[in-house]
Amino acid sequence: MALVEWNDTFNLGIDELDADHRRLADFVNRAHELVIEDKDQDDLKALMDELIAHLEQHFHREEKVIAQAQSDGAKEPHLQSHETTINYFIGLRDQIQNGAESIDPKDLVEYLHQWLLNHVINQDFKMKPDLIKAGLVKGEGQNDRLIARM
């Protein structure tokens, strides 16, 4: 059973970033499956390794877009959140690798789920007006109005 059901309502309008976000939703669902199936820490660590690699690639792509679309004042907090996120997940992965008993996989799934929603809706989607102004995406549509109500 999927924890996150991705739909096009969450698309930003930049194909590469939308594909990255869909893949991040897949990571949440895969982590959820690991918890349901009571997999061991090695499986969770492998998933975290893959997630971190994907996040590094995603943030690199996203930061190119941010550089084109956002002012310095708007982009600095967004860029800082990328660095904080990578460091947080690396720290979790290292704790898992070192056999930390304090990492509850259920808490990790919940954090990852909430982080994904925050990243897409509260960070990336809020830069959409800047993307429109920069000519990187089309103007407001149904999806924008729906997300704004969330």
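**A walk through an all-helix model**

Being four residues apart in helix α2, Asp49 and Lys45 sit about one helical turn from each other. Their side chains meet in a salt bridge, with 2.5 Å from N to O. Before following that pair any further, keep in mind that what you have on screen is a predicted model.

The pair doesn't stand alone, either. Lys45, Asp49, Arg93 and Asp94 are linked in a network of salt bridges. As for how open this spot is, Asp49 has a relative accessibility of 28%, so it counts as partly exposed.

Let's zoom out for a moment. What does the secondary structure come to? Six helices and zero strands, so reading from the N terminus you just get α-α-α-α-α-α. The radius of gyration is 16 Å, close to the 15 Å that the globule rule gives for 150 residues, so the protein is as compact as a globular protein of that length. If you'd like box dimensions, the C-alpha trace spans about 50 × 30 × 20 Å along its principal axes.

How do the contacts spread along the chain? Take the contacts with a sequence separation of 6 or more: 73% of them are between residues 24 or more positions apart. On the surface side, 41% of the 150 residues count as buried. The protein exposes about 8400 Å², and carbon and sulfur atoms supply 47% of that area.

Back to the charges. The count of salt bridges comes to eight, and two of them are worth a look for what they join. One is between the side chains of Arg61 and Asp20, at 2.8 Å from N to O. Arg61 belongs to helix α2 and Asp20 to helix α1, so this pair ties together parts that are 41 residues apart in sequence. Which of the two partners is buried, and which is partly exposed? Asp20 is the buried one, because its relative accessibility is 5%. Arg61, at 24%, counts as partly exposed.

The other is between Glu50 and Arg23, whose side chains meet at 3.2 Å, N to O. Here too the partners come from two helices: Glu50 lies in α2 and Arg23 in α1, so the pair ties together parts that are 27 residues apart in sequence. Glu50 is partly exposed at 30% relative accessible area, and Arg23 is partly exposed at 34%.

Now for an acid with no such partner. Asp18 is found in helix α1, which covers residues 15-36. Asp18 is buried yet has no salt bridge. How far away is the nearest side chain of opposite charge? That side chain is Arg22, at 5.2 Å, and a salt bridge has to come within 4 Å, so Arg22 misses the cut-off. Asp18 does have polar company of another kind: a polar atom of its side chain lies 3.0 Å from the backbone nitrogen of Gly13. Gly13 also turns up in the contact list of Asp18, together with Phe10, Asn11 and Leu12, once neighbours within four places in sequence are left aside.

His21 is found in the same helix, α1. With a relative accessible area of 1%, His21 is buried. Which residues does His21 touch, not counting those up to four places away in sequence? They are Trp6, His58, Glu62, Leu116, His119, Val120 and Asp124.

Over in helix α2, residues 41-69, you'll find Met48. Met48 counts as buried because its relative accessibility is 2%. Residues up to four places away aside, Met48 touches Phe89, Leu92, Arg93, Ile96 and Leu108. You've met Arg93 already, as a member of the salt-bridge network with Lys45, Asp49 and Asp94. Phe27 makes another reference point: Met48 and Phe27 are 21 residues apart in sequence and 8.9 Å apart in space, C-alpha to C-alpha.

Last stop: the link between the two helices we've spent our time on. Asp38 has its place in the loop between α1 and α2. Is Asp38 buried or exposed? At 68% relative accessibility, Asp38 counts as exposed. Its backbone is worth a glance too, since phi is near 55°, a positive value in a residue other than glycine.

Notes:
Residues are numbered from 1 along each chain as its sequence is written. This is a predicted model: local features need pLDDT of at least 70, side-chain atom pairs count only at pLDDT 80 or more; totals for chains, interfaces and linings use all residues. Side-chain values use heavy atoms; hydrogens and water are left out. Buried means under 20% relative accessible area, exposed over 50%, partly exposed in between (1.4 Å probe, protein chains only). Lys and Arg count as positive and Asp and Glu as negative; His and the chain ends are not counted. A polar contact is a pair of N or O atoms within 3.5 Å; within protein, one must be able to donate a hydrogen and the other to accept it, and residues adjacent in sequence count only if both atoms are side-chain atoms. Contact means heavy atoms within 4.5 Å. The radius of gyration is taken over C-alpha atoms; the globule rule is 2.2 Å times the number of residues to the power 0.38. Accessible areas come from the Shrake-Rupley method with a 1.4 Å probe; for residues, only the protein chains shown count as cover.
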